Structure formats: structure tokens, C-alpha cells
Amino acid sequence: MSQYPNARFLLSANQSSQFVPDRGAEVAFAGRSNSGKSSAINTIVNRRQFARTSKTPGRTQLINFFELAPAERLVDLPGYGYARVAGSMQDHWGRLITGYFETRRSLNGLFLIVDVRRGLLDGDHAMLALAESVGLPVHVLLSKSDKLKRGQATKALNEAAGTLADRASVQLFSALKRTGVDEARRVLAGWLKAPGAAA
Ligand SMILES: Nc1nc2c(ncn2[C@@H]2O[C@H](COP(=O)(O)OP(=O)(O)O)[C@@H](O)[C@H]2O)c(=O)[nH]1
Ligand SMILES: [Mg+2]
């Protein structure tokens with residue numbers, strides 16, 4: 001059963017004037033295209049096809065707002081990778097994301113989805129730097145952990161934890177095998193109920 005039985009899509013924005021009113025609490029999800037972000041959202045919220053999963057990388061270029069409960073939102077940020085990010089934080093996408101992070105008072109935390117087989121890449125580091133610049137806590141999901149043997153997955157987790165140090169918490173996650181779902185849900189719920197997240 002979903003913790004959020006009344007979850008619903010609100011709107012997609014490609015400019016800040018379209019963002020939903022900045023009240024309550026919000027948690028954002030970011031990651032490279034094809035990192036498993038949509039699958040992670042669907043699994044954590046327990047709603048099949050809630051965020052669209054797609055085999056076509058880079059299709060979603062919009063900021064998608066979902067309401068999980070009254071005054072509690074999940075925000076699906078556009079995927080990055082390939083030519084994008086790092087050097088391109090100045091283009092429309094970069095300005096949109098940067099503006100969102102810098103101005104969004106209801107934003108309480110960021111989930112960063114990273115394919116466990118690839119580890120943290122340039123775009124992920126750019127997102128971490130952006131979050132750090134605005135004092136936003138980050139939780140990294142090392143996704144598709146079912147693709148690795150247990151020992152390899154543990155090694156990847158230790159490596160990521162070492163790289164991230166105290167800049168982010170990190171865990172293994174698999175949407176397919178539902179690994180790490182409870183831990184991810186606890187982090188999400190904690191940020192949505194965070195003090196200062198006035199309803
Ligand atoms: N084996 C495995 N594949 C996954 C998992 N999560 C996502 N995928 C696959 O990875 C691809 C990209 O997933 P998607 O959620 O659309 O990624 P997004 O582009 O980051 O939103 C799809 O083919 C998914 O079926 C997982 O936990 N395990
Ligand atoms: Mg997606």
C-alpha cells in the first residue's frame with residue numbers, strides 16, 4: 001500500500017513562473033538520464049507509472065511537481081548527462097535548476113539517483129555542489145544494485161561513501177528487487193515532516 005494514497009501529478013514547469021506556490025515541504029529527485037530516477041520515484045511512492053519511466057534518455061526536460069499529501073510535494077527534476085551539465089549550468093536548463101534551488105524555500109532535501117555501476121560522474125558532482133551552495137541536504141541512491149553481486153555492490157557503496165564523506169548520505173537501492181525502499185522512504189518522510197516545513 002502507498003504511504004501516499006492521494007498522490008497526484010500537479011504540473012510540469014519549464015520556467016520559474018510556472019512553479020506551484022512555494023508553501024509546505026518539497027523533496028526533489030535528480031539524476032542522469034537513465035539512472036533509474038523514475039523507477040525509484042515509482043517504487044518509493046509505490047505508484048506504478050507515477051513518474052514516467054522511459055527507455056528514451058533525456059526526454060523529460062521539465063520540472064514535474066507531484067503532491068504526495070497536503071502541503072507535501074515530490075519534484076522530479078529533468079535528467080542530465082551526455083552533453084549536459086558541468087559546463088552548461090548557464091543554459092536554460094542550468095538556469096532553471098539553479099534558480100529553483102536558490103529560491104525554493106519549501107525545498108527540504110534532494111535525492112540524487114546514481115547508477116551503482118557508474119558511480120558519481122561530473123553531472124552528479126555539479127548537482128552536489130549546487131545543493132551544498134544552498135545548504136540543501138542530499139541523499140544518494142546507488143540505483144540498480146541488483147545488477148551487481150553483493151560484494152561488488154558493497155564495494156561501490158563504500159567507495160561512494162568515501163567520496164561523499166559528510167556531504168551526503170548514501171545507500172544501495174533497487175527498484176527491481178525493492179532493495180533499500182524502507183530506508184529511502186524514511187529519508188523522504190523525514191524531509192517532508194522537517195521542522196520549518198510549515199504546512
Ligand atoms: N535492473 C534494474 N533496472 C532498472 C532499475 N531501475 C531502473 N531500471 C531500468 O533502467 C532504465 C531507466 O530507468 P528509468 O527509471 O526510466 O530512468 P530515468 O531516465 O532516470 O528516469 C529502464 O530500462 C529501467 O527499466 C533497477 O532497480 N534494476
Ligand atoms: Mg525518467
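**Exercise 1.** State what share of the protein chain counts as buried, and describe its exposed surface.

*Solution.* In this predicted model, 51% of the 199 residues of the protein chain count as buried, where buried means under 20% relative accessible area. Turning to the surface, the protein chain exposes about 10,000 Å², of which carbon and sulfur atoms supply 49%.

**Exercise 2.** Work out the order of helices and strands along the protein chain.

*Solution.* Begin with the inventory, which is 5 helices and 7 strands. Reading along the sequence then gives the pattern β-β-α-β-β-α-β-α-β-α-β-α. As for contacts between residues at least 6 apart in sequence, 75% of them join residues at least 24 apart.

**Exercise 3.** Explain why strand S6 can be called largely enclosed by the rest of the structure.

*Solution.* Strand S6 spans residues 138-143, and because 6 of its 6 residues are buried, it is largely enclosed by the rest of the structure. In a regular strand the side chains alternate between the two faces of the sheet. In S6, Val138, Val140 and Leu142 point one way while His139, Leu141 and Ser143 point the other way, and all are buried.

**Exercise 4.** Identify the strands that pair with S6 and trace the connections to them.

*Solution.* Take S5 (residues 107-115) to begin with: it runs parallel to S6 and is joined to it by 6 bridges, with Ile113 standing opposite Leu141. The chain passes from S5 through helix H3 (residues 122-133) to S6 in a right-handed β-α-β crossover. Next, 4 bridges join S6 to the parallel strand S7 (residues 169-172), where Ser169 is the bridge partner of His139. Finally, S6, helix H4 (residues 150-164) and S7 make a β-α-β unit that is right-handed.

Technical notes: Residues are numbered from 1 along each chain as its sequence is written. Chains are lettered from A and ligands numbered from 1 in the order in which they are written. This is a predicted model: local features need pLDDT of at least 70, side-chain atom pairs count only at pLDDT 80 or more; totals for chains, interfaces and linings use all residues. Side-chain values use heavy atoms; hydrogens and water are left out. Buried means under 20% relative accessible area, exposed over 50%, partly exposed in between (1.4 Å probe, protein chains only). Helices (H or I, at least four residues) and strands (E, at least two) are DSSP runs, numbered from the N terminus. Two strands pair if DSSP finds at least two bridges between them. A crossover is right-handed if, with the strands pointing away from the viewer, the path from the first strand over the helix to the second runs clockwise. Contact means heavy atoms within 4.5 Å. Accessible areas come from the Shrake-Rupley method with a 1.4 Å probe; for residues, only the protein chains shown count as cover.
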